[in-house]
Amino acid sequence: MMGLTDGVFLIMCGAQFTLGILVNGFIGLVNGRSWFKTKRMSLSDFIIATLALSRIILLCIILTDSFLIVFSVNEHDSGIIMQLIDVFWTFTNHLSIWFATCLGVLYCLKIARFSHPTFLWLKWRVSRVMVWMLLGTLLLSCGSTASLINEFKLYSVLRGIEATRNVTEHFRKKRNEYYLIHVLGTLWYLPPLVVSLASYFLLIFSLGRHTRQMLQNSTSSRDPSTEAHKRAIRIILSFFFLFLLYFLAFLIASFGNFLPETKMAKMIGEVMTMFYPAGHSFIVILGNSKLKQTFVEMLRCESGHLKPGSKGPIFS
């Protein structure tokens, strides 16, 4: 029988799932409609659209996992269904994180201004760089998933040895190997974090230099380049902090079996995890002029601020 805690947990997960689907669905709808009209899509729009799609899939996986926690705890802790969910979660999760990282790198290369030959070489070949990054994203996501599958195999071996109650040196060796792979699996999150931090600091330095030049030339500090720097910094910084929150939640959900209140720990981790796919996507909307304009016009239309005969929203 479902208790009060389970009910509150499902309501919170359902609310965050709905919000995430609406936000990411809006991004996919606007960019998809734009592509359908013009048959062209910019690199930034493509990355944002794929990011939104990966997060929609990720939210569906997390919601499925939430239902398993409440209605089928035994199946959640072990079994082929849980292993499948973990595989799809790992692959989609890393795709989502790397797509957000690619977006930050793209903003950095397009907006930041440096005279270093390496940076200029990357800036002039930004399309090629992003294509290689996206291919690398797929490879790294597959690598993290393969690492998880290897972890499952080791876990199965351990369960088999443990069932025979034959705790030998071989068992201890395999157990230590399993723990090592489990810990090393979290290191797959380190590269996108480092790349995002590098993009953030490059934009900060570029904004500082640009602001000093504006002051020396007695120019307004609210020029388009400054505003572009600030928008990109907000998006990357929000990704950084939400990613840290998401990573903390992921650790709580993953290592919940080692905590005193196992089910409660997993619930807390799950609720915190669902905040990231919706929260960062909403910030992306506010930082993208096309998405923001469409979103504002949609709100005006819904609230009845548009008079009959006036210009309607973009997707009218």
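These are my notebook entries on a few things I looked up in this structure, which is a predicted model.

**Entry 1: a surface patch.** I started on the outside, where Trp35, Phe36, Met41 and Phe46 form a nonpolar patch. Together these four residues have about 420 Å² of accessible area. I then picked out Phe46 and found it in helix 2, which covers residues 43-71. Is Phe46 buried or exposed? Neither label fits, because its relative accessibility is 37% and that counts as partly exposed.

**Entry 2: cysteines.** Next I wanted to know how many disulfides there are. My search of the whole structure came back with zero. As a reminder to myself, a disulfide is a covalent bond between the sulfur atoms of two cysteines. I also checked two cysteines for burial. Cys13 has a relative accessible area of 0%, so I noted it as buried. Cys102 is buried too, again with 0%.

**Entry 3: a pocket.** I moved on to the second largest pocket, which holds about 280 Å³ of space. Its lining comes to 15 residues, and those nearest the centre are Ser44, Tyr107, Gly287, Asn288 and Ser289. Which helices supply at least two residues each to this lining? I wrote down helix 2, helix 4 (80-111), helix 9 (224-254) and helix 11 (289-302).

**Entry 4: Val271.** Last, I looked up Val271, which sits in helix 10, residues 262-287. Val271 counts as buried because its relative accessibility is 15%, and the cut-off for buried is under 20%. I also compared its position with that of Leu63: the two are 208 residues apart in sequence, yet their C-alpha atoms are 9.7 Å apart in space.

Key. Residues numbered from 1 in each chain as written. Predicted model: local features only at pLDDT ≥ 70, side-chain atom pairs only at ≥ 80, totals over all residues. Heavy atoms only, no water. Patch = residues over 30% accessible without salt bridge, like charges linked within 9 Å, V, L, I, M, F, W, Y side chains within 5 Å. Areas by Shrake-Rupley, 256 points an atom, 1.4 Å probe, with all protein chains shown as cover. Salt bridge = Lys/Arg side-chain N within 4 Å of Asp/Glu carboxyl O. Helix = DSSP H or I, 4+ residues; strand = E, 2+ residues; numbered from the N terminus. Buried < 20%, exposed > 50% of the residue type's maximum accessible area, 1.4 Å probe, protein only. Disulfide = S-S within 2.5 Å. 1 Å grid on protein atoms, 1.4 Å probe; cavity = no way out; pocket = protein on both sides within 12 Å on 5 of 7 lines; lining within 4 Å. Points joined across faces, edges and corners; volume = space filled by probe spheres on them.
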